[in-house]
Amino acid sequence: MQNVLYMSQASKDAFEKVNHLLAGLEQGPEQTTRNKKVFETRLERYWVDFYESFSRLYGQHPQFENQIESLARLLAEHYALRPADLKELDYEREITPDWFQRESQVGGIYYVDLFAGNLQGVREHLDYARELGLTYLHLMPLLKPRPGQNDGGYAVEDYCEVNPQLGTMQDLAALASDMRAKGMSLCIDLVVNHTAKEHEWARRAMAGEPRYLDYYLTFDDHTLPDEYEKTLPEVFPEFKQGNFTFYPQMAGTGKWVWTTFNEYQWDLNYTNPAVFREMLNYMLFLANRGVDVLRLDAVPFMWKRLGTHSQNQPEVHDLLQAFRALVRVVAPAVIFKAEAIVPPQELIAYLGTDRHAGKECDIAYNNSLMVTGWSALASQKVNIMTQTLKEMPPPPSNTTWITYVRCHDDIGWAITDENAGAVGENAYLHRQFLNQFYSGQFLGSYSRGEIFQFNPQTGDGRMNGMAASLAGLEKALETGDEAAAELALARVMLLYSIAFSYGGIPLIYMGDEIGLLNDYGYLKNPDKAADSRWMHRPPMDWAKAARRHDPTSWEGRFWAGMRELVEARRRLRPLHGTGLVEAQWTDNEHVFAYARQHPSGHFLALCNFSPLPQSVNAAIIRGQGWSGELHDVRRADHPALYIWDNRVMLEPYRAIWLVREL
Ligand code: OTU
């Protein structure tokens with residue numbers, strides 16, 4: 001054992017046992033001497049990470065030792081089956097572990113059916129994604145969902161099959177391979193917190209099989225659920241009340257099942273190590289189909305604890321560490337994306353902090369950046385944004401953010417009392433304002449969003465809508481107001497400029513590259529009508545996309561704006577994920593600033609959140625060691641900044657980027 005500095009005796013003993021077991025296994029295909037050596041080295045390297053967490057979670061479980069053996073077998077099986085080209089990719093990424101942190105990375109989000117009909121269609125449209133400059137595609141849930149309502153695919157019936165309407169596992173593998181050849185990585189959703197109630201485990205639990213009853217969180221009566229409810233929030237209060245559902249037929253006598261989201265999404269019981277193994281099996285299965293990024297859905301909810309809100313429990317972080325360690329043994333090319341829409345202090349833990357440092361997820365959504373960007377846009381004031389982001393801990397150096405403007409979900413106004421209070425604002429009232437503003441009710445609002453999941457008990461609601469509609473394009477085009485449409489474009493580009501340069505993989509949400517508007521067609525579909533998130537999940541409009549090269553069309557203007565950002569980002573090494581970002585106060589309440597420090601150079605952005613020209617004291621730039629002429633690197637010809645009376649002038653909604661190479 002040379003690759004590990006410290007191991008407890010128990011951990012060593014377990015490792016020896018597993019090695020002994022593996023030595024006795026039949027050799028599978030691909031098990032050349034080199035492959036064997038690689039596997040052994042990785043197992044040794046990741047053993048401590050795994051064992052530490054796994055024993056904390058399950059050390060007291062009667063199946064603990066058996067489960068470890070069974071996990072070891074699982075690893076060996078999947079490793080033997082891992083295709084040779086993916087093994088090559090593993091080696092490559094072990095040497096270039098920063099591959100996903102690079103400034104060249106730009107992501108896109110698409111629904112397979114809405115974008116191109118099916119997986120084959122996506123293969124045919126990869127050139128569009130390449131033309132836009134994407135190096136990473138998040139294809140929305142595509143594993144076999146339950147029939148009928150399925151929460152946009154987040155209720156999975158079979159994790160080893162693709163939704164038959166979209167294609168087959170072979171199609172998925174073929175797409176992944178095409179993408180690899182074009183230098184693009186593939187991200188898909190893995191719903192780890194719950195399965196559809198039609199999943200085989202759930203059916204068997206429903207039928208009363210004890211083994212599968214133990215896969216879910218079930219209760220004979222409402223005593224415990226009532227206790228839990230005292231401290232649980234409701235995620236979808238418009239869809240159903242409470243976090244538990246009663247099934248009178250279940251297991252003969254009737255049972256309550258933990259259902260955080262919809263009634264048909266059953267939360268898994270991770271106190272049972274068999275559930276851990278099953279989910280690992282799915283991870284490795286998908287990894288071997290060529291998936292690069294697993295978006296782990298709803299991770300905060302994976303572990304429940306009485307008397308708490310049952311999110312972000314310490315055990316969740318052990319689960320993620322144990323999963324990651326084992327996935328690294330078989331498929332180190334694969335990274336984890338945490339879908340944790342939680343407050344900043346809680347969020348950072350998903351990227352690995354304290355004892356989990358370097359051992360958890362590789363990327364996570366920077367929800368605070370997204371939310372405060374929309375907040376600043378509506379109020380034309382950057383105080384809450386600057387305050388919130390200044391307070392945010394930096395991502396660990398081997399990780400990075402996902403930076404985005406819109407995604408398939410609603411915008412939850414996650415602005416804390418502390419951050420609002422620190423700048424003299426009231427968080428509750430500000431959230432009310434944002435809902436009024438973006439739903440178009442606020443006097444003078446340009447926005448066309450809709451309030452989602454309004455909770456009369458808390459008075460809080462969230463927001464739906466496409467970026468262009470929220471930013472005013474829908475209303476402007478309807479009223480034929482060219483000037484208003486110009487402003488809408490500028491607003492969307494302002495927010496995207498931040499996503500492209502704050503630090504992280506920027507994601508372009510489907511259709512934002514051509515300014516697609518809200519789509520109200522979902523109202524005619526009974527499986528979708530109740531969920532207004534569908535208003536911002538429009539089918540790709542290929543007729544509009546065909547106008548992307550026409551600079552006089554709105555599609556062309558959005559496309560050109562997005563392309564400009566992609567190209568500018570690619571050239572700027574300080575945007576590599578290992579840089580450190582800091583939000584900065586300026587002397588103008590409308591101007592947001594942030595600086596990035598990286599060994600290759602310094603980067604500074606100044607963003608005007610107002611529809612009027614603004615200025616900031618040039619000291620903010622000079623104070624950081626800049627001298628001589630200053631240039632906006634986003635402008636093709638790099639003209640000198642316009643500085644008058646020692647103030648840098650910014651046009652309405654303009655974001656200036658400055659770079660100083662070291
Ligand atoms: C996720 O979102 C998905 O993104 C949603 O589309 C799903 O409906 C949901 O899970 C259930 O699978 O509450 O409002 O902190 O915020 O998991 C969306 C994480 C959600 C949660 C998140 C969830």
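How do the residues lining the largest pocket divide into nonpolar, polar and charged? I opened my notebook with that one, keeping in mind that this is a predicted model.

**Entry one: the largest pocket.** I found 22 nonpolar residues in its lining, along with twelve polar and twelve charged ones. The lining has 46 residues, and the space inside comes to about 1,300 Å³. If you want to find the spot, look for Val 235, Gln 311, Ile 341, Gly 412 and Arg 462, which lie nearest the centre of the largest pocket. I then checked which elements give two or more residues to this lining, and noted β11 (293–297), α14 (344–347), α15, β15 (450–455) and β16 (460–464). Of these, β16 gives the most, with three residues.

**Entry two: the second largest pocket.** Here I noted about 650 Å³ of space and a lining of 32 residues. Gly 148, Asn 150, Gly 152, Lys 528 and Trp 534 lie nearest the centre of this pocket. Both α5 (112–116) and β3 (143–145) supply at least two lining residues. By class, I wrote down 16 nonpolar, nine polar and seven charged residues for the second largest pocket.

**Entry three: Lys 381.** Next I looked up a single residue, Lys 381, and found it in the loop between α15 (367–379) and α16 (383–391). Is Lys 381 buried or exposed? Neither label fits: Lys 381 is partly exposed, because its relative accessible area is 27%, between the cut-offs of 20% and 50%. Beyond its neighbours within four places in sequence, Lys 381 is in contact with Ala 376, Glu 425 and Glu 589. With Glu 425, I found a side-chain polar contact of 3.3 Å. Lastly, I checked Asp 151, which is 230 residues from Lys 381 along the chain; their C-alpha atoms are separated by 35 Å.

Technical notes
Residues numbered from 1 in each chain as written. Predicted model: local features only at pLDDT ≥ 70, side-chain atom pairs only at ≥ 80, totals over all residues. Heavy atoms only, no water. Helix = DSSP H or I, 4+ residues; strand = E, 2+ residues; numbered from the N terminus. Buried < 20%, exposed > 50% of the residue type's maximum accessible area, 1.4 Å probe, protein only. Contact = heavy atoms within 4.5 Å. Polar contact = N/O pair within 3.5 Å; in protein donor to acceptor, adjacent residues only side chain to side chain. 1 Å grid on protein atoms, 1.4 Å probe; cavity = no way out; pocket = protein on both sides within 12 Å on 5 of 7 lines; lining within 4 Å. Points joined across faces, edges and corners; volume = space filled by probe spheres on them. Nonpolar A, V, L, I, M, F, W, Y, C, P; charged D, E, K, R; others polar.
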